[in-house]
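Open your viewer and get ready to select residues by number. We will move from open spaces to a sheet, then to a pair of helices, and finish inside the protein.

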Amino acid sequence: MTLLSTTEDHRAAGLPVGQDNGYAFDLYARYRRDPLAVPADWRLWFEALDAPGPAEGAPAAVLVERLVDSYRRDGHLGAALDPLGLSPRHETGRLARDRAAVEALPGPIGWRLGGAAGQGRGRDLVALLDRIYRGPAALEAEAVEDEAARAWIETRFEALALAEPGPQDRARAHRAIGRADTFEQFVRLKFPTKKRFGSEGAEGMMLLMQELLRQGARAGLDEVVMGGMHRGRLALLATVLGKDPARLLAEIKGRDLTRGGPDFTGDVPYHLGHVAEVEIEGRRLALSIAPHPSHLMVVAAVATGMARARREGAPAAAAQAGPGALCLLLHTDAAFAGQGITAELAQMGRLDGYDVGGTIHLVVNNQIGFTTLPSEGRSARYCTDVAKMVGAPVIHVNGDDAGALMAAAALAADWRARFGRDIFIDLVCYRRNGHNELDEPRFTQPATWAAIDARPGLRAATQAALAAADPPGAAAVEAELAAFRDTLVAAYDVIDSLLPNDDAPFQPGWDAVAAAGPAEILAPVDTGVDAARLVRLGAAAGLIAPAASPHPKVRQFYAARAQSLERGEGVGFATAEALAFASLLDEGASVRLSGQDSVRGTFTQRHLRLHDTEGPASRLPLAALARDGARFEIHNSPLSEYAVLGFEYGHSLVDPGTLTLWEAQFGDFLNGAQIVVDQYVVSAEAKWGLRSGLVILLPHGLEGQGPDHSSCRPERLLQACVGANAIVANPSTPANLFHLLRRQIRAPWRKPLFVVAPKSLLRARAAVSRLDEMGPGTGFRPLIYDGPEAPERLVLCSGKIAYELAAARAEAGLAARVGILRVEQLYPLDRGAVTAALARAGAQVAARLATGPLVWCQEEPRNQGAFAHVRAVLAAPGPAGSAPIASLGYAGRPALPVAAGGSIDRHVAEQDTLVRSALGL
């Protein structure tokens with residue numbers, strides 16, 4: 001801050017005598033952001049001060065402060081950020097006015113920048129501010145609402161901008177840039193026809209990454225969890241993240257060095273994840289970069305969820321991580337500006353349920369996306385403007401200025417360590433090649449690539465700077481780079497002789513988790529719990545403190561739950577779910593559930609957090625049941641599916657002993673996160689060997705409420721299931737939901753689980769269970785038969801339609817003639833068990849297995865639901881002696897382009913028709 005004297009300057013400025021300059025400038029800063037935030041008399045004076053001409057009688061110190069403030073606000077517009085020099089640089093009228101006023105001051109002036117005092121003529125201050133704010137780096141911090149934090153980062157930025165790199169700094173810079181250039185030249189020579197999305201033009205990314213890791217190690221971090229992108233990925237692995245060069249080059253060539261079975265597909269080398277432990281300045285730092293698909297931004301959510309789980313100190317990851325884990329995300333400009341998940345993830349950054357202690361976002365700004373220019377791809381000035389929405393600072397930096405890059409890394413690391421908040425680095429660079437090495441960018445941007453072709457690489461600049469500062473040091477680094485190339489040559493010579501070998505496990509702590517195919521998933525798992533223990537846990541989970549004052553209806557809800565447990569019968573779905581959570585917590589397994597309105601429950605069914613009606617207090621009774629370091633977390637999420645599901649999937653990757661659940665408000669909301677499902681949940685094990693036990697709860701059921709919120713589209717889930725990559729279940733009883741959730745932890749394997757979750761069944765009187773159905777020796781039942789031993793007709797179904805079928809059967813007096821077989825687990829569907837159940841149902845049915853019209857009943861339209869899936873499974877050749885079912889009848893709605901109709905009358909009539917058809921009425 002500029003200094004005012006205690007009396008004369010205040011009188012000259014019209015300010016109250018006795019107020020110190022810090023107070024005055026604090027008010028001025030508030031006024032610049034919100035004129036109504038300061039007292040009226042001050043506002044009138046500040047309005048005069050900000051008039052087009054200098055305020056009458058304004059002292060030199062106030063003019064200096066106004067100039068500094070203008071540079072801090074607008075200096076980034078004129079910064080020399082574009083290495084190609086093609087982007088226009090701007091200056092606001094405000095800054096020009098304030099500069100002219102200071103340059104016209106007659107005598108010497110004083111100032112304080114970067115925490116240090118200085119003095120000189122007005123033009124000296126202008127030159128200094130130009131060097132800081134209109135040089136190769138710029139700061140946008142106006143959106144930071146915390147004035148102390150904003151003042152800190154402005155001061156720190158100024159200090160770093162004024163500092164000169166020393167010989168050791170220049171050596172580190174040249175080493176990082178030189179290694180990247182050496183690698184890219186080598187790969188270009190050896191694999192000229194391969195796509196590699198090289199770092200040429202963005203080599204500064206390697207220096208930034210090196211410095212961020214160095215700063216993190218010096219700050220005492222234990223681990224860095226990263227999400228990346230294609231651009232520069234291979235060079236980053238080779239030069240910063242410590243991947244074995246022989247394996248990396250073999251993967252670039254196309255060799256399959258995995259031990260995957262027939263269901264393992266692998267992926268291209270610039271998608272693969274990596275883990276390593278590197279030593280930086282004497283400290284060991286664990287690094288992990290998550291595998292990513294071509295949908296670039298989705299990995300950001302996944303990596304953030306992983307970082308959250310690491311920071312929580314998951315027991316299985318304790319040796320690898322701890323509270324010092326850093327989330328570091330790499331993006332490209334077009335994806336970062338164009339994808340909506342960017343805003344979703346930014347909004348989550350400081351929410352209690354998703355905070356990771358601040359994320360450093362590094363945006364590699366190629367100034368183009370494939371062939372699309374920034375003017376075609378965004379309306380915002382900067383690709384990082386989403387940061388302003390959440391009040392985060394942005395550092396813009398010229399990718400061809402090594403000193404500015406190192407200062408940017410230091411500032412970002414310092415901010416995150418000090419404030420625990422997100423910060424964004426806009427690395428302005430260019431692509432020397434096209435979108436990939438086989439693309440020709442000169443078709444669409446000839447002028448840009450003419451400038452690129454004429455520009456030497458960054459390596460020449462860092463070499464010259466080091467040679468000028470430290471000739472022996474420059475020679476030493478060049479020798480290191482020559483040795484690095486020799487290492488690449490030696491690695492290339494052995495790639496054809498490499499044997500399949502597993503990398504270091506991306507998921508430490510998962511060694512004891514068994515691989516599983518359909519047979520292993522279909523094998524019974526004992527998930528029962530002693531009834532007395534369930535009663536005890538249920539009582540603790542429903543404990544209301546004497547001083548608490550919950551809503552009367554919530555108190556009644558807890559009382560009804562307690563009564564059902566005391567009776568040992570009438571246990572509903574919400575109670576069964578709470579008992580599953582409670583029993584796992586009591587066994588030392590952590591539980592995390594998030595989703596829109598999940599704490600109370602979309603259908604007012606959970607009430608896991610008790611809120612006082614007479615104050616802000618609330619409590620989470622289930623949390624008190626956690627033992628042996630376990631945690632219970634439940635969070636209402638933002639109104640987001642894409643980012644939140646990606647986050648929870650990432651969280652589920654860290655510890656197989658934690659039950660992680662995400663609940664959609666309604667099942668069809670899953671379509672807002674379909675990219676996460678396609679790119680990770682159902683495919684990550686096949687592509688990258690990633691295993692997850694994530695539970696995805698999808699409320700489902702046609703109830704006459706219109707096309708939306710009726711169906712979780714189970715047909716889409718089932719279409720994506722193959723090779724035991726996931727489980728799709730539709731539990732129709734509370735006991736089966738209890739066992740299903742516990743099986744996710746108690747089974748020796750882990751698989752993502754899609755639960756077609758109940759809506760109306762949450763309160764249906766018939767949809768209840770007894771405690772002994774959850775007792776010792778019990779487990780999840782993939783099939784439930786309801787009917788006589790020898791039915792004349794057999795109806796197959798899944799979910800809530802079974803209760804409507806049973807009610808109609810009883811009303812029609814058909815209980816002794818019609819059997820109902822509920823398919824509770826749709827995938828993997830045990831065809832042998834189904835046919836065996838059909839055979840046990842009676843000789844009449846068994847005789848018709850090959851030709852008879854057995855009936856599948858569903859409330860979903862014919863082109864939706866599980867009908868096509870079940871029909872295909874039953875029609876496939878079965879085990880020896882098991883004849884295929886050639887025909888499966890259908891009772892349900894006709895094919896529709898929507899999930900359900902919009903009229904309750906129509907719904908009731910259709911439901912009655914399909915139920916009667918299924919029963920043969």
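A pocket, in this tour, is an open set of grid points with protein on both sides within 12 Å along at least five of seven lines. Keep in mind that what you have on screen is a predicted model.

**Stop 1: the largest pocket**

Select Phe-264, Glu-685, Trp-688, Gly-689 and Leu-690. You are now looking at the residues closest to the centre of the largest pocket, out of 50 that line it. The volume of this pocket is about 1,400 Å³. Next, colour helix 11 (245-253), strand 5 and helix 27 (684-688), the elements that each give two or more residues to the lining. Which of them gives the largest share? It is helix 27, with four residues. If you colour the lining by class, you should find 20 nonpolar, 15 polar and 15 charged residues.

**Stop 2: the second largest pocket**

Now select Asp-82, Ser-87, Pro-88, Gln-367 and Arg-378, which lie nearest the centre of the second largest pocket. Its volume is about 750 Å³, and 33 residues line it. Helix 15 (374-377), strand 10 and helix 18 (446-453) each supply at least two of the lining residues, and helix 18 gives the most, with three. By class, this lining holds 17 nonpolar, 10 polar and six charged residues.

**Stop 3: an open sheet**

Switch to a cartoon view for this stop. Strands of a sheet pair through backbone hydrogen bonds, either parallel or antiparallel. Here, eight strands form an open sheet with mixed pairing, in the order 3-9-10-8-7-4-6-5. Which strands stand at the edges? They are strand 3 (137-140) and strand 5 (274-280); each has a single partner strand, so one side of each is left without a neighbour in the sheet. You have met strand 5 before, as one of the elements in the lining of the largest pocket. Look along the sheet to see its twist: ignoring direction, neighbouring strands are turned by 20° against each other on average.

Zoom in on residues 325-332 and 359-365, which are strand 7 and strand 8. These two pair in the parallel sense over six bridges. Pick out Leu-330 and you will find Leu-362 of strand 8 standing opposite.

**Stop 4: helices across the sheet**

Add residues 204-218 to your selection. This is helix 9, which lies across strands 4 (223-227), 5, 6 (283-289), 7, 8 and 10 (423-428). Against strand 8, helix 9 runs at about 170°. Then add residues 402-419, which make up helix 17. Helix 17 lies across strands 3, 7, 8, 9 (394-398) and 10, and runs at about 165° to strand 9.

**Stop 5: two helices that cross**

Two packed helices are described by the angle between their axes and the distance between the axes. Try this with helix 19 (residues 458-469) and helix 20 (residues 471-493), whose axes come within 5 Å and cross at roughly 140°. An angle over 145 degrees would count as roughly antiparallel, so helix 19 and helix 20 are oblique to each other.

Show the side chains where they meet. From helix 19, select Arg-459, Gln-463, Leu-466, Ala-467 and Ala-469; from helix 20, select Pro-471, Gly-473, Ala-474, Val-477, Glu-478 and Leu-481. By class, this contact has seven nonpolar, two polar and two charged residues.

**Stop 6: the cavities**

Rolling a probe the size of a water molecule over the atoms shows where empty space is left. How many cavities of 30 Å³ or more are there? The count comes to 12.

Select His-700, Asn-730, Ser-798, Gly-799 and Glu-860, which lie nearest the centre of the largest cavity among its 22 lining residues. About 210 Å³ of space lies in this cavity. Strand 18 (753-757) and strand 23 (854-861) are the elements that give two or more residues to the lining, and strand 23 supplies the largest share, five.

For the last selection, take Glu-577, Gln-605, Arg-606, Glu-663 and Leu-762, nearest the centre of the second largest cavity. This cavity holds about 130 Å³ of space. Helix 24 (573-586) brings the largest share of its lining, three residues, and the lining divides into 10 nonpolar, one polar and three charged residues.

Definitions and conventions: Residues numbered from 1 in each chain as written. Predicted model: local features only at pLDDT ≥ 70, side-chain atom pairs only at ≥ 80, totals over all residues. Heavy atoms only, no water. 1 Å grid on protein atoms, 1.4 Å probe; cavity = no way out; pocket = protein on both sides within 12 Å on 5 of 7 lines; lining within 4 Å. Points joined across faces, edges and corners; volume = space filled by probe spheres on them. Nonpolar A, V, L, I, M, F, W, Y, C, P; charged D, E, K, R; others polar. Axes fitted to C-alpha atoms, helices over the stretch in contact; angles between N-to-C directions. Parallel < 35°, antiparallel > 145°, perpendicular 65-115°, else oblique. Contact = heavy atoms within 4.5 Å. Pairing = 2+ DSSP bridges.
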